[in-house]
Structure formats: structure tokens, C-alpha cells
Amino acid sequence: MIADLFNLERALTPQERKQLRAATTPKGYAALPGTGPAGETCGSCGHLARRQSARTYLKCGLMERGWTRGAASDVRARAPACSRWAAIAAAERAP
């Protein structure tokens with residue numbers, strides 16, 4: 001029985017399996033989110049890169065070497081800033 005294989009008393013429900021899959025941590029951040037300046041987010045970081053495909057995907061420019069074509073290397077603009085956060089240059093903000 002599969003439950004015996006994983007040392008479980010019973011098989012996981014579909015909801016429990018979904019929660020296990022959702023628990024994977026994205027690996028696109030240069031450092032642990034929340035370790036940077038208070039009040040700043042990835043969206044206000046100068047390292048944020050936008051990759052255009054069918055949609056626009058947000059990536060950390062410092063992690064370009066590890067970019068995949070999947071969600072594992074994506075970052076969220078609303079995630080708290082990490083310790084590698086850098087301000088956007090004033091010249092880049094102006095149109």
C-alpha cells in the first residue's frame with residue numbers, strides 16, 4: 001500500500017497533496033525576503049527584471065544565472081525586500 005511506503009497511517013487527500021505542492025519555496029530571490037530595509041519591496045528594487053513572453057514574468061536580476069522557464073525562479077513584486085535590495089536610480093525612473 002502507498003501509505004505504508006511513506007510511513008503514513010492513511011493516504012493523503014487531494015487537498016493535503018495540493019498543500020504539500022504549494023509549500024515549495026521559490027528560488028528566484030537573491031536572499032531571504034524580509035531581511036532588507038523596512039517598508040521596501042521587490043517591486044521597488046533596482047535589480048527587478050521583467051522577462052516578456054506570453055506574459056511578463058518578474059525575476060531578480062542578481063539571480064539571472066539560475067533563471068528557469070518556470071515559476072521556481074519568479075519573484076513577487078509585493079514580497080518584502082531582501083538584504084540585497086538596491087534603490088532604483090533616479091535616471092531610470094524618469095521617462
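How many residues lie between β1 and β2 in the hairpin they form? In this predicted model, the answer is three. The two strands run antiparallel, and five bridges join β1, residues 48–52, to β2. One of the pairings puts R50 of β1 opposite L58, its bridge partner in β2.

Stepping back to the whole chain, the secondary structure amounts to three helices and two strands. Read from the N terminus, the order is α-α-β-β-α. Helix α2 covers residues 14–22, while β2 takes in 56–60 and α3 takes in 90–93. Of the 95 residues in the protein, 19% are buried. The accessible surface comes to about 7600 Å², and carbon and sulfur atoms account for 54% of that area. As for how the chain meets itself, 63% of the contacts with a separation of 6 or more are between residues 24 or more positions apart.

The hairpin strands also feed into the nonpolar interior. The largest nonpolar core is a set of seven residues, made up of Y29, C42, L48, L58, C60, V75 and A79. L48 gives a good view of how this set is put together: leaving aside residues up to four places away in sequence, L48 touches C42, L58 and V75, along with G43 and K59. So much for the nonpolar side; the charged side of the picture starts from K59.

The structure holds one salt bridge. Its partners are D74 and K59, with the closest N and O atoms 2.6 Å apart. The pair ties together distant parts of the chain, as D74 sits in the loop between β2 and α3 and K59 in strand β2, 15 residues apart. Side chains of opposite charge can pair when their charged atoms come close. The contact between the side chains of D74 and K59 also appears as a polar contact, at 2.6 Å. Is each partner buried or exposed? D74 has a relative accessible area of 17%, which is under the 20% cut-off, so D74 counts as buried. K59 is buried too, because its relative accessible area is 5%.

Next to D74 in the numbering comes S73, which is placed in the loop between β2 and α3. S73 has a relative accessible area of 2% and is therefore buried. A polar atom of the S73 side chain lies 3.0 Å from the backbone nitrogen of T68. Not counting residues up to four places away in sequence, S73 touches T68 together with G66 and W67, and further touches G28, L58 and K59. Two of these names have come up already: L58 as a member of the largest nonpolar core, and K59 as the salt-bridge partner of D74.

A further long-range approach involves G34, in the loop between α2 and β1. Here the C-alpha atoms of G34 and C82 are separated by 5.4 Å, although the two residues are 48 residues apart along the chain. With residues up to four places away in sequence set aside, G34 touches P80, A81 and C82. How accessible is G34? Its relative accessibility is 47%, so G34 counts as partly exposed, a class that lies between the 20% and 50% limits.

Key: Residues are numbered from 1 along each chain as its sequence is written. This is a predicted model: local features need pLDDT of at least 70, side-chain atom pairs count only at pLDDT 80 or more; totals for chains, interfaces and linings use all residues. Side-chain values use heavy atoms; hydrogens and water are left out. Helices (H or I, at least four residues) and strands (E, at least two) are DSSP runs, numbered from the N terminus. Buried means under 20% relative accessible area, exposed over 50%, partly exposed in between (1.4 Å probe, protein chains only). Contact means heavy atoms within 4.5 Å. Accessible areas come from the Shrake-Rupley method with a 1.4 Å probe; for residues, only the protein chains shown count as cover. A polar contact is a pair of N or O atoms within 3.5 Å; within protein, one must be able to donate a hydrogen and the other to accept it, and residues adjacent in sequence count only if both atoms are side-chain atoms. Two strands pair if DSSP finds at least two bridges between them. A nonpolar core is a set of buried Ala, Val, Leu, Ile, Met, Phe, Trp, Tyr and Cys residues joined through side-chain atoms within 4.5 Å. A salt bridge is a side-chain nitrogen of Lys or Arg within 4 Å of a carboxyl oxygen of Asp or Glu.
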